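Hi,

Here is the structure I said I would pass on. Have a look at it first, and my notes on what turned up follow below.

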Amino acid sequence: MLTPPISERLGIVIADAYAALIDAKTAALAPHDLTVARYAVLGTLYTADGSSGAALARACGVTPQTISELLVSLEAEGLIERRAPTTGRAITTHLTELGRARVVTADRDAGAIEVALADTFTPDERAQLRDLLTRATRALENPAAGKS
């Protein structure tokens, strides 16, 4: 017998919720010609313009190879521009006016998904869910930390 039984595993519930979120955002972003990953890059640059590729990869949770491919694609469409460093060694990435307009427009639809999700819960439940998921993340990243 599997322990715990498949039907009682939290990981499945978390994975199902994540998959539903990504599916909803994918549908919301499609009319804007954005994937969730491309939207994440543009959204990150909206708040952290001038980031390096490495910083973007970390913030978006993708590999350096994936961020490189995303940046090439976004640059080819005129949504971002990369600039040679004036100091240091890292090339910086910046939103163009077209990129800024695209992410703001797309965020209306993607943000509506987040609002609808949040509205499913009371403010206290949202705070509790954030706390529980944060603890779950810590427990998975560092099993000793999850025993608090």
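Six salt bridges turn up in this structure, which, keep in mind, is a predicted model. One of the six pairs Glu 77 with Arg 38, and their closest N and O atoms sit 2.8 Å apart. Glu 77 belongs to the loop between α4 (64-76) and β2, while Arg 38 is part of helix α2 (residues 36-47), so this contact ties together parts that are 39 residues apart in sequence.

Next, the sheet. It is open and has three strands in the order β1-β3-β2, paired antiparallel. β1 and β2 are the edge strands with a single partner each, so one side of each has no neighbour in the sheet. Between β1 (residues 51-52) and β3 (residues 92-95) there are two bridges, and Ser 51 is the residue that stands opposite Thr 93 there. On the other pairing, four bridges connect β2 (residues 80-83) to β3. Thr 93 comes up again here, with Arg 82 standing opposite it. If you want one residue to centre your view of the sheet on, Thr 93 in β3 faces both Ser 51 and Arg 82.

Now for the part you may want to open in your pocket viewer. The largest pocket has a volume of about 850 Å³. It is lined by 21 residues, and those closest to its centre are Ile 14, Ala 17, Leu 117, Leu 129 and Leu 133. Which helices each supply at least two residues of that lining? They are α1 (10-29), α5 (97-119) and α6 (123-141). In terms of class, the lining holds 17 nonpolar and four charged residues, with no polar ones.

Some of those names come back at the surface. Leu 10, Ile 14, Leu 129 and Leu 133 make a nonpolar surface patch of about 360 Å², and the elements that give two or more residues to this patch are α1 and α6. Leu 129, for instance, lies in helix α6. So that you can find the overlap quickly: Ile 14, Leu 129 and Leu 133 are listed among the residues closest to the pocket centre and also among those that make the patch.

Two backbone details to finish, in case you plan to check the geometry. The peptide bond joining Thr 3 and Pro 4 is cis, with omega at about -10 degrees; Pro 4 is found in the segment before α1. And where does Asp 33, with its positive phi, lie? Asp 33 is in the loop between α1 and α2, and its phi is about 55 degrees although the residue is not a glycine.

Cheers

Key
Residues numbered from 1 in each chain as written. Predicted model: local features only at pLDDT ≥ 70, side-chain atom pairs only at ≥ 80, totals over all residues. Heavy atoms only, no water. 1 Å grid on protein atoms, 1.4 Å probe; cavity = no way out; pocket = protein on both sides within 12 Å on 5 of 7 lines; lining within 4 Å. Points joined across faces, edges and corners; volume = space filled by probe spheres on them. Nonpolar A, V, L, I, M, F, W, Y, C, P; charged D, E, K, R; others polar. Pairing = 2+ DSSP bridges. Patch = residues over 30% accessible without salt bridge, like charges linked within 9 Å, V, L, I, M, F, W, Y side chains within 5 Å. Areas by Shrake-Rupley, 256 points an atom, 1.4 Å probe, with all protein chains shown as cover. Salt bridge = Lys/Arg side-chain N within 4 Å of Asp/Glu carboxyl O.
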